[in-house]
Amino acid sequence: MANDGGRKQFWKRSGSKVPGSLIKPASKPPTTPVKLKKVSTFQEFESNTSDAWDLGDDDDELLAMAAESLNTDVVMETANKVIQNHSKLQEQHKLQEEQLQEDKPVPFSESPSVAYGDNRLVKSVSESQTSSSAECVSENSSMQRSQSLPHAPTDPLEGEVADHDTSATPALTEREAFRLDKFKQLLAGPNTNLDELRKLSWSGIPKPVRPITWKLLSGYLPANVDRREGTLQRKRKEYFAFIEQYYDSRNDENHQDTYRQIHIDIPRMNPEALRLQPKVTEIFERILFIWAIRHPASGYVQGINDLVTPFFVVFVCEYIAEEVENFDVSSLPEEVLQNIEADSYWCMSKLLDGIQDNYTFAQPGIQKKVKMLEELVSRIDEQVHRHLDQHEVKYLQFAFRWMNNLLMREVPLRCTIRLWDTYQSEPEGFSHFHLYVCAAFLVRWRKEILEERDFQELLIFLQNLPTMHWGNEDMSVLLAEAYRLKFAFADAPNHYKK
């Protein structure tokens, strides 16, 4: 293994690279731009490179079970129905495309994994490439087109995927309108039933009600409607009191390193259209600095900066009708910007309260979770696990970022937002359910992983997975598989502790 300095350099991500930037969605991912000498060890590699669900009726059936104690066989049968429904829909898409263009093949997902009596999954959820972008329909697709400012280059990750809930869509489908109405009815009561809200939110939250729903599910707002306005005023006032008290100290000698690292990391965030706006940079710097000062046990750690973005984007959407990436945030009234900033700070703080050991000294939470992931994958798919081991690929070399950034660098922002709908609906979603999502995510690429035959190609592929065209359908299949794994291998973390 390389020395400490080498490891730090390896994990430091280049701001000019994003996941998928080397990969084209419909073809086998390239390995390196030029022919490189084959290497077989991490030390040699390190010296040559740098770190560089269609929503269906099964959806409601699955989410209704999320908060109940169920028989494992029933759970797995239901999750299989969801995935099989996905495969049928994909086959229908393929037949339709072939009728229109017989000479243009359309990739589709293969049969889902099959669980046998010994609880070993012998196939991944899908061993095919993801569907074309025209098939991937996602709620927050428009967030992935970086065109808000003049001369801003387009991020290759930010593919154009249709958005069901944006103002660009003239009307909701019957199902979407029905689900939105259910949310509105639930939120309109004098006391919101949070258990029912979690069940309803598990399979995704409609964009118009996502801001208020996230604030409730995160614990930032109370369930009682009459208390909400007072809570918002108090917490917003409290946040800006922190600004007055602490922010001027950013130039003090003992805080300079923290502020400097925050200032360096913000330009690496996605989407690019937001990070290029000075007003957004200013807001993010304040949020991250105040959090670091008020949490000295961990302070600021690279990766925390990414966790602000989903909250910020969702809360901006509460005040605008157009897509965030095409909007100049500084044009919003100052009071509105202050509300968004304070709300983002408090919701991010609630999230980090549950995973703070990921960011304390030596990041023991991440080290532990990566080891749990390795144990879980060895039980789910021994062949994939053995293949990685034979080629000396360590889980820490690719999964550290998965845990540190909650997969935000691996999937488009629209997918992260959809993922967080479920995480905030799950008990310990960010700290526990995320482990099963990562396992399902790794096994999703089973075919491609087994095709790679050396250390360098494997690691480059795992750090640049082709997810640029992913949308709701892909995330829902991933979540269904993770849900099944949660029940089938619920003892995995305890097994590791033994």
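**A kinked helix and its surroundings**

Trainee: What makes people say there is a kink in α18?
Mentor: There's a kink of about 30° in α18, centred on L435. The bend at a residue is the angle between axes fitted to the seven residues ending there and the seven starting there. α18 counts as a helix because helices are DSSP runs (H or I, at least four residues; strands are E, at least two), numbered from the N terminus. One caution: this is a predicted model, where local features need pLDDT of at least 70, side-chain atom pairs count only at pLDDT 80 or more, and totals for chains, interfaces and linings use all residues. Residues are numbered from 1 along each chain as its sequence is written, and side-chain values use heavy atoms, with hydrogens and water left out.

Trainee: Why is α18 called mostly covered?
Mentor: Buried means under 20% relative accessible area, exposed means over 50%, and partly exposed is in between (1.4 Å probe, protein chains only). In α18, 14 of the 16 residues are buried.

Trainee: What makes a group of residues a nonpolar core?
Mentor: The members must be buried Ala, Val, Leu, Ile, Met, Phe, Trp, Tyr or Cys residues, joined through side-chain atoms within 4.5 Å. The largest one here has 118 residues, and M348, L373, L388, F398, W402 and W420 touch the most other members. Helix α18 (residues 429–444) supplies the largest share of this core, 11 residues.

Trainee: Which residues is L388 in contact with, leaving aside neighbours within four places in sequence?
Mentor: Those are V393, Y395, F398, L442, I449, L458 and L462. Contact here means heavy atoms within 4.5 Å.

Trainee: Why is E428 called exposed?
Mentor: Its relative accessible area is 55%, so E428 passes the cut-off for exposed. E428 sits in the loop between α17 (413–423) and α18, and has a positive phi of about 55° although it's not a glycine.

Trainee: And what does E392 count as at 37% relative accessibility?
Mentor: That value falls between the two cut-offs, so E392 is partly exposed. E392 has a positive phi too, about 60°, without being a glycine. Most residues other than glycine have a negative phi, and most peptide bonds are trans.

Trainee: Which peptide bond is cis?
Mentor: The one from N270 to P271, with omega near 0°. P271 is in the loop between α9 (256–265) and α10 (272–275).

Trainee: How do you know how confident the predictor is?
Mentor: From pLDDT, its confidence in each residue, from 0 to 100. The chain averages 76, and 64% of the residues score at least 70. Over residues 102–170, though, the pLDDT is below 50.
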